[in-house]
Amino acid sequence: MELALTGGKAFAYTAAHALRPGLRTIVFVHGAGLDHSWWGLQSRYFGYHGYNVLAVDLPGHGRSEGPALASVGEMAGWVFALLKELKIAKAALVGHSMGALTALEFAARYPETTERIALIGVAYPMKVSDAFLDAARRNDPVAYDMDVIWAHAAQTPLSGNPNPGMWMYGDTLARLSRLAPGVLHAGLAACNAYADGMEAAAKVKCPALFVLGARDMMTPPKGAQALAKAMADSRTVTIEPSGHSLMAEAPDATLNALIAFLR
Amino acid sequence: MSGPKYPGFDTLALHAGQSPDPATGARAVPIYQTTSYVFRDAAHAASLFNMERAGHVYSRISNPTVAVLEERMAALEGGVGAVATASGQAALHLAIATLMDAGSHVVASAALYGGSHNLLGYTLKRFGIETTFVQPRDLEGWKKHVKSNTRLLFGETLGNPGLDVLDIPSVSKIAHDAGLPLLVDATFTTPYLMKPFELGADLLYHSATKFLGGHGIAIGGVLVDSGRFDWERSGKFPQLTAPYAGFHNMDFEEESGTRAFLLRARREGLRDFGACMAPMTAFQILQGIETLHLRMPRHVESTRKVVGFLSANPGVEKILYPEVPGHPDHELAKKLLPRGCGAVFSFDIKGGREAGRKFIESLRVFSHLANVGDAKSLVIHPATTTHYRMSDEDLKKAGIGPGTVRLSIGLEDPEDLMGDLTLGLRAAAKG
């Protein structure tokens, strides 16, 4: 669906369903440089199993207009504005990487609107190397290469994709190559600068799920431990063969973890 | 600082798309000679059908062995994914049928394999899809013939049989300026000699029967998508960007972004047209791909020797190989094909059709048959075989004369190949 928000047209994938009153709502928030379709299998599942689904494209990504937002706080505020516009009083948030920080910040800022949060491929602090940031700032394609290689487990390019016939590296690279200049850098810089993680975690009172890739090079599992400990009600699922791109590298295990948590 | 590195071509040719078999530990790609796959339970079945979970249902749509080939080719080409098909012609048909309806139009190079020319010029016309053929070097022609209903530009990376080098950067720009994708047949070049996506092509396919398989034992095709073409922005492809009643009202682009084209090609094209690849075929082609990086340099090296030999022979009128100075695409080839111009080329023998016949019938190492890209050297007379359906005028447009002979250079000792050609040329010269 498309809707008008401050800053331009916003898009959210709803799994071909109109929002249905009385159903629980799940908001999926993608990571830096990606879009709603990164959640293809998972968002579709929930959309066809009795939930309202809003897999959003953050501003400047996918089908949403506007410049990319510069901070995690702004992203959380944008998601809140979207829910307000749709008159949704409460939702579960599922976020990946930058989207996970957004969900965390959202839960801290808007506890009355947060039913629960699932943080996938997350670490705090989410530091980004200078080389990666600099390359992204220059819109140098080497930034896309770094993203592709570090976002997957080392064995991924030399093994099979659970999605028949698809090449994960190529898919991620194609998505990044469609981005407007500056969008990837904005996302990476927002992750790198986010400094409110522990404070936000302490405020989270709703149930929280961490889904982590055991072979994640971008956000190694140990990087999420402090956040999980700081939350009142958290649980962690670590998926053994996966890197940072859990929805693609381990789609079934990721979906199973979400089903168990959101059911 | 040096950035992270992708696995090299040679490594991907051996490993991409496959882990050791989880059931048995088998290192080689197992042949999953099975039609169908047991569902864990009813919910799992429903999830697979509704595309909420990844996996195999029925081997016409996907098969574990075929999927290895598809992923490996996507890796070698730098695409998002691939769909393997029953033949190269099935791959071309699948690409067109996924993007077009009756009333659509294609602008295509005139220098095509005869079967592709036939499909576009005659067969698809019966289904309401028209094609305008242009000379591959005529950039104004490509541009001029794009119409409001044009949906695709199409050519071969190396034209058949004149070895016209498609100027992919220029033709793709014409396509993109018109909001259209460029599809190329990359059979003659393979990903070892050229990466069409890096030059601007959006879609490509191979007759995997040729150099990919490399041993003349299996017919197959593979269609690869770069994932770079923005169907939504183009606005010309409701097949991918509007709800489709034939598939649960799915908007393929909204659903899957970069994977939209392949999603429809697989889920509609393989489902309804059914031109899928058999698992044994995929296994056989994979065996070829695992040595592609070893075979292609040898193919090219031997071809250069044979071309050099023929260039010095008085019985040869003209050689059509882009590495030969004087070929109209000589300079372009240096830019687009720095690793070589492949192992298929044509030459005109003095004495026309009759000399050509005597030449071919005198050869003992070269095999006279309708194929290219085999480990064994091959020869054919296009005017009476692969391109026999084309009119004289179309033959001329495709650069084929009555005495044109096409060679596909194999992996034999090049001295033996040149010796064989010497015998053939002597026989032809006797008149």
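## A tour from helix α13 of chain B

Start by selecting α13 of chain B: its buried residues pack against β1, α4, β7, α10 (231–234), α11 (238–241) and α12 of the same chain. Keep in mind that what you have open is a predicted model.

**Stop 1: along the helix.** Which residues of α13(B) are buried? Colour B:A260, B:F261, B:L262, B:L263, B:R264, B:A265, B:R266, B:G269 and B:L270, and you have them. Now look at the length of the helix. α13(B) has 14 residues and spans 18 Å from its first C-alpha to its last, close to the 20 Å expected at 1.5 Å a residue. Then step just past the end of α13(B) to B:G274, where phi is positive, at about 75°.

**Stop 2: the sheet.** Next, show the strands of chain B. You will find an open sheet of 7 strands with mixed pairing, and you can trace the order β1-β7-β6-β5-β4-β2-β3. Why do β1 and β3 (130–134) of chain B have one side without a neighbour in the sheet? They stand at the edges and each has a single partner strand, so there is nothing in the sheet to fill that side. Turn the view a little and follow the twist: neighbouring strands are turned by 20° against each other on average, direction ignored.

**Stop 3: one pair of strands.** Zoom in on β5 (residues 182–185) and β6 (residues 203–207) of chain B, which pair in the parallel sense over 3 bridges. Select B:L183 and look across to β6(B), where its bridge partner is B:L203.

**Stop 4: a helix on the sheet.** Add α4 (residues 88–99) of chain B, which packs on the sheet and touches β1, β4 (150–156), β5, β6 and β7 (221–225) of that chain. The direction of α4(B) makes about 40° with that of β7(B).

**Stop 5: where the chains meet.** Bring chain A into view. The contact takes 43 residues from chain B and 35 residues from chain A. On the chain B side, α3 (64–77), β1 (81–85), α12 (252–256) and α13 (260–273) each supply at least two residues. Which element gives the largest share of that side? It is α3(B), with 6 residues. Colour the chain B side by residue type and you get 15 nonpolar, 18 polar and 10 charged residues.

**Stop 6: chain A as a whole.** Finally, hide chain B. Chain A has 11 helices and 8 strands, and its C-alpha atoms fill a box of roughly 45 × 40 × 35 Å along the principal axes. Of its 263 residues, 57% are buried. The radius of gyration of chain A is 17 Å, which agrees with the value near 18 Å for a compact globule of 263 residues.

Note on methods
Residues numbered from 1 in each chain as written. Chains lettered and ligands numbered in written order. Predicted model: local features only at pLDDT ≥ 70, side-chain atom pairs only at ≥ 80, totals over all residues. Contact = placed C-beta atoms within 7 Å. Helix = DSSP H or I, 4+ residues; strand = E, 2+ residues; numbered from the N terminus. Nonpolar A, V, L, I, M, F, W, Y, C, P; charged D, E, K, R; others polar. Pairing = 2+ DSSP bridges. Axes fitted to C-alpha atoms, helices over the stretch in contact; angles between N-to-C directions. Expected span 1.5 Å × (residues − 1). Buried ≥ 20, exposed ≤ 12 C-beta atoms within 10 Å, placed from the backbone. Rg over C-alpha atoms; globule rule 2.2 N^0.38 Å.
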